[in-house]
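Me: Hey, I'm new to this one. Can you walk me through it?
Reply: Sure, here it is.
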Amino acid sequence: MKKLIENFKLRKQERIAFKKELKTLKSDTMKAYQDFKKLFADKNKYVSLNEMLDWQDRYEALHDRVSIILQSKDFKYILRVFRDDLNMIIRMFKLIEKYRKRHNKPVVDKMIGSVEQSIFNINGVTLNKEQKTAVVVDEKRLRLIGAGTSGLTHACVGKVKYLIKGKNVPQENILFLTSSHKNAERINIMLENEGISPIAKTYIEYSMQVLADHGKEVPEVIDVDYEDFAESTIEKLLQNDEYKSRFVDYYLNFRQAGSVVFDFDDYEEYLQFLEEYPPIALDGTRMKNYEHLAVADFLYRNNIRYRYMQEYGARELDYDGTVYKPVFYLPDFDIYIEVFEINATGEARFDTGTSLVSETPTEIYRKRMQHVREIHEKNRTVMVDVFTYELMESSLIDHLQAKLMKHLTVFAPMSADALLKIILERNPFLIREISVVLGELLQLARDHSETWQEIVFLNRESMKTKTRWYKRNESVFSLLIPVYEAYINHIGDQTDTFGIVKMASETIRLQRKPLDYTHIIVDDFHNTNRQMLNLLKNVWDIVKDKGSIMVAGNDWQTKSGIYAYDFSYFTEFSRFFGHAESLKFTRVFSQGQRLWSMNARFVERNTMQMRKYARCEKVSPRDCVSILSYNYKKEDSKSLFDENEIDIMKNTLQNYINSLPNEYSVILVGRFKEDIVLASKMNLSDIPVKTVYDLDESADVVIIINARRHNLGFPDRMMGENVKSLFGIKPELYAFASERRLWHQAVSRARVKVAFLFNTENRSRFIEEYV
């Protein structure tokens, strides 16, 4: 009885304490409600994202505590009295963003109406409602998201005009940055046309100004073609025996990323990959897969003769009833080699149509393996086996060699010189292809300014459980490091675009000299690299208490592959600068809805890209996409295109161009510089031709002239997105993600039509996706 009384007293005390807490929470909720009403009390005042976040920060703990209390099962009869009052804080948190937008809509209209309307006229173009909103709103952090030719640059110029002419902000208080010299020139011309001094700068120009303002010596900035530098350096380094061996090792073991069945989610996708990137052995034999290729090249370079996929001597049947054909037979040693496609746990990947309903692919494959072994036991023939997982672990060749040595196989290895000669005869463009990869890696190395020891350490730490990628990355590093060292020697006392921006960024960070900027505006922010981002962040850290930042961009159009541009700096802007308001520009001026929608559907297959919709000003013709195909089987492997094929391409292009209305402008777009050379050989002198990286202007018709599958095709595939992992960058999981943005960069420049020129023998996979 005594214990019961004590429990009753304890519960009573808890009930009193609980009721007291509820009264306190109710009082705090009422205070939050009063502040909520005060936030939106002035119907003529714009409520910024920052003000909303300040309110949320103040009452976040209250919201969290009330959320817990409302889920409590204790003292329900007491809680019932307070539930409606406490629910107010939950509803306010849930609805505040929607309420803010509803409150701001008429406020923005009034703000726009109160501005001298001539301010919204930029070079004879009147800004639309979305652009005007970006001009007048006063947000601490504002991101403008474009959906194509949406007028982002006009909005940025309009913002400057509004600040200087409408708000009397001194122009020295405005920092206007953009990534390219061409865009900076264009913006400054637009500003001058509005009677405003040119203030737009590239990051390089601003970095030079920073160093000069801080009394630092400004080094000369050299302009480098990183791919050309890598190519010329590789050719010199190949005179060195050690580098030659590394080069050959990379080609034989690591040149194709993601090449086994376990790298694919769909068997048809795997077969398509093998069709697009066929495994061709050093002796010219087409192999079934890359496991077979590894074995064949090992045998060939050790002067071991082999027969591939020929009938077994005793004419036995395979498990599926077909004639048994061992993968390899070594006639000089009477040894058979089997390659079993299983992973380290003994599992097969796909059901290829041979298994029964009740059997899994693994069960049927294990039976097949056992059947093959029994064939050799019955006929007393020597069989050695290797496995797909060994290729994935980069141990297949070591295991094969050890097994063959047990059976007294004689190896006569070719020299690196002999192998390199054979490799370059088989693939005359290999040095160029690898220079494209190393050129991009060289830029990533400059953008990620850690020492090589740190980079290699980070790579080993991140890849230590993934032997296959670890060894592959080590091989890539062995090729890249000498090129990087040669590059550092090349620039000497000078610097490059990465170096000058880094110097300015570090100067600002370390000296923390006061800056007068109250407004930072950045156009083309989707083309930003790590050094640019760091510079901008260091400026922002100094001015953020008194300043604001507005960035504009379109993540679909990031020029991946040059200057280490990374679209995620734009898509994840808030992660680097704090919570930002985002305005989506949905008006597209230069394309019709049909063409824009095709472009959007294509690029949005990658779920890491922003989702957008558009209201297009123009109407696309029904035939807005043209397929310019021809059929030609090239005999000469020494050139990308022989003279006959070039003539066919020229005639195909000329016929198409002649069919277009005379007033249509046309531009040819290629993926690589080789495509510029190709176009010059076609003698289409009146038609401009650009690589996708140099393409900044629009045309009525855009023709992609390199719509073929090849390592120098479109999409290009040498190493895939995994190269970024060398620098700790998380690779995009969607296939050809970077190439997809470049393709969109090309097709988005077409005002009326796009066309794709290709040989039906090797057309790009992008054509099927796009059409």
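Reply: Let's begin with a term: a salt bridge is a side-chain nitrogen of Lys or Arg within 4 Å of a carboxyl oxygen of Asp or Glu. Keep in mind that this is a predicted model.
Me: Ok, which residues are linked in a network of salt bridges?
Reply: Five residues are named in that network: E97, R100, K101, E139 and E581.
Me: Why would side chains pair like that?
Reply: Opposite charges can pair when the charged atoms of the side chains come close.
Me: And how many salt bridges does a search of the whole structure find?
Reply: The search turns up 39.
Me: Pick one for me. What does D228 pair with?
Reply: D228 pairs with K673, and their closest N and O atoms are 2.6 Å apart. D228 sits in helix α8 (residues 226-237) and K673 in helix α25 (residues 673-681), so this salt bridge ties together parts 445 residues apart in sequence.
Me: Are those two buried or exposed?
Reply: Both fall in between: D228 is partly exposed at 34% relative accessibility, and K673 is partly exposed at 29%.
Me: What about E231, which residue forms a salt bridge with that one?
Reply: That's R432, with the closest N and O atoms 3.7 Å apart. R432 belongs to helix α16 (residues 430-447) and E231 to helix α8, so here the parts tied together are 201 residues apart in sequence.
Me: R432, buried or exposed?
Reply: R432 counts as buried, because its relative accessibility is 6% and the cut-off for buried is under 20%.
Me: Now K244 and D241. Where do they lie?
Reply: Both are in helix α9 (residues 241-254), three residues apart, or about one turn of the helix. They form a salt bridge too, with closest N and O atoms 3.9 Å apart. K244 is buried at 8% relative accessibility, while D241 is exposed at 53%.
Me: Switching topic: how do α19 and α20 cross?
Reply: The axes of helix α19 (residues 497-511) and helix α20 (residues 530-543) come within 9 Å and cross at roughly 20 degrees. That makes α19 roughly parallel to α20, and their crossing is left-handed.
Me: Which residues meet there?
Reply: From α19 you have F498, V501, K502, A504, S505, I508 and R509, which meet Q531, M532, N534, L535, N538, V539 and I542 in α20. Sorted by kind, the contact has eight nonpolar, four polar and two charged residues.

Definitions and conventions: Residues numbered from 1 in each chain as written. Predicted model: local features only at pLDDT ≥ 70, side-chain atom pairs only at ≥ 80, totals over all residues. Heavy atoms only, no water. Helix = DSSP H or I, 4+ residues; strand = E, 2+ residues; numbered from the N terminus. Buried < 20%, exposed > 50% of the residue type's maximum accessible area, 1.4 Å probe, protein only. Axes fitted to C-alpha atoms, helices over the stretch in contact; angles between N-to-C directions. Parallel < 35°, antiparallel > 145°, perpendicular 65-115°, else oblique. Left-handed = near helix turned anticlockwise from the far one by under 90°. Contact = heavy atoms within 4.5 Å. Nonpolar A, V, L, I, M, F, W, Y, C, P; charged D, E, K, R; others polar.
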